[in-house]
Amino acid sequence: MKHADTRSPVSFFANVARLPQKGLPVVIEADAAQRAALAGEHGLLSVEAYRAELLVASWKRNGVKVSGRVEADITQACIVTLDPVQAHIDEPVEALLLPEDSKLGRQGFEGGGEILLDADGPDGPETFSGDTIDVGALAEQFFGLAIDPYPRKPGASLDAGGRTEAAENEFQQKLRSLLGKS
C-alpha cells in the first residue's frame, strides 16, 4: 500500500539551514533498485540510466533555489504497437522554495508583495518546512514531466484513413438513433 508521504526512490535530503556561499552541489546517480522503482512509479518498461546534477543555493533572505538538470535513458511501450520505445530525457530543473513561515511566500501573490517572475523562468516559489528539502524528489518531478505520455515507435501510426471516419459516422448515427428513442 502506497502512502502519500512515501519517499521518492531517488530521495536526497539537502540541509538548507547552512548552505555554502557558492551553493551545495548534489549528484544523484540511481542504482538498479532505484531505477526499477522509478520505472514502476512512472509506468515505464525500464529506466536504464538516471542522473540528476543539482545546485542547492540560497535565494533571497531565507529561500532556496534548486537548479541543474536530470538526465535519463528510459524504455516505454509504444501506444500503437506496445513495442519497446527508447527515449532520452535531458530536462532542466529549476525551482524556488521558501520556508512555510516566510512573509515573502505569504504576501507575494495575495498581499501585493513583489515577487518578480519570468514567464520562461521557474514557477512561483513552493514552500518547505524544517531545515531539509528532498531535492531528489524534486528532480524526480521534473523527470516525470519530461516523459512522453504518448510514445510511438518510428513509423507506427493510428490509421486515420477514410474507413475509420466512416465507421465513426455509422457509430454516431446509431448512437443518435438510440438517443432519439426514449
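## Notebook: strand β2, its neighbours and the salt bridges

I started with V27, which is partly exposed at a relative accessible area of 46%. This is a predicted model, so everything I jot down here is computed from it. V27 sits in strand β2, residues 24–29.

Next I asked what V27 touches, leaving out residues up to four places away in sequence. I got R51, A52 and E53. For V27 and R51 I also pulled the C-alpha to C-alpha distance: 7.1 Å in space, with their positions 24 residues apart in sequence.

**Overall layout**

I stepped back and listed the secondary structure, which comes to 4 helices and 7 strands. Read along the sequence, the pattern is β-β-α-β-β-β-α-β-β-α-α.

Contacts came next. Taking those with a separation of 6 or more, I found that 67% join residues 24 or more positions apart. Of the 182 residues, 31% are buried. The protein exposes about 12100 Å², and carbon and sulfur atoms supply 51% of that.

**The sheet**

I looked up the strand order and got an open sheet of 5 strands, β2-β3-β4-β5-β6, with mixed pairing. Which strands stand at the edges? They are β2 and β6 (126–128); each has a single partner strand, so one side of each is left without a neighbour in the sheet. The twist averages 25 degrees from one strand to the next.

A reminder to myself on pairing: strands of a sheet pair through backbone hydrogen bonds, either parallel or antiparallel. I checked β5 (residues 84–99) against β6 and found that they run parallel, joined by 3 bridges. L97 stands opposite E126 in β6.

Then I looked at what lies across the sheet. Helix α1 (residues 32–41) lies across β2 and β3 (46–59), and its angle to β3 is about 95 degrees.

**The core**

I pulled the largest nonpolar core, which has 32 residues. Which of its residues touch the most other members? Y50, V56, V66 and F143 do. The elements that give two or more residues to this core are the strands β2, β3, β4 (63–77) and β5, plus the helices α1 and α3 (135–146).

**Salt bridges**

How many salt bridges does a search of the whole structure find? It finds 4. I wrote up three pairs.

- E29 and R51 meet through their side chains at 2.4 Å, N to O. This pair links distant parts of the chain, with E29 in strand β2 and R51 in strand β3, 22 residues apart.
- E53 and R51 also form a salt bridge, at 2.9 Å, N to O.
- D90 and R69 form another, the closest N and O atoms being 2.6 Å apart. D90 is in strand β5 and R69 in strand β4, 21 residues apart, so I noted this as a link between distant parts of the chain.

I then checked accessibility for these residues. R51 is partly exposed, with a relative accessible area of 30%. E53 comes out partly exposed too, at 41%. D90 is partly exposed at 37%, and R69 counts as partly exposed at 35%.

Which residues do salt bridges with shared partners join into one network? E29, R51 and E53. R51 turns up in both the E29 pair and the E53 pair. Back at my starting point, R51 and E53 are also among the residues that V27 touches.

**Positive phi**

Last job was the backbone torsions. Most residues other than glycine have a negative phi. I noted two residues that go the other way.

K60 has a phi near 55 degrees, a positive value in a residue other than glycine. K60 lies in the loop between β3 and β4. Is K60 buried or exposed? At 53% relative accessibility, K60 counts as exposed, because the cut-off for that is over 50%.

L82 has a positive phi as well, about 65 degrees, although it is not a glycine. L82 belongs to the loop between β4 and β5. With a relative accessible area of 62%, L82 is exposed.

Conventions: Residues numbered from 1 in each chain as written. Predicted model: local features only at pLDDT ≥ 70, side-chain atom pairs only at ≥ 80, totals over all residues. Heavy atoms only, no water. Buried < 20%, exposed > 50% of the residue type's maximum accessible area, 1.4 Å probe, protein only. Contact = heavy atoms within 4.5 Å. Pairing = 2+ DSSP bridges. Axes fitted to C-alpha atoms, helices over the stretch in contact; angles between N-to-C directions. Core = buried A, V, L, I, M, F, W, Y, C linked by side-chain atoms within 4.5 Å. Areas by Shrake-Rupley, 256 points an atom, 1.4 Å probe, with all protein chains shown as cover.
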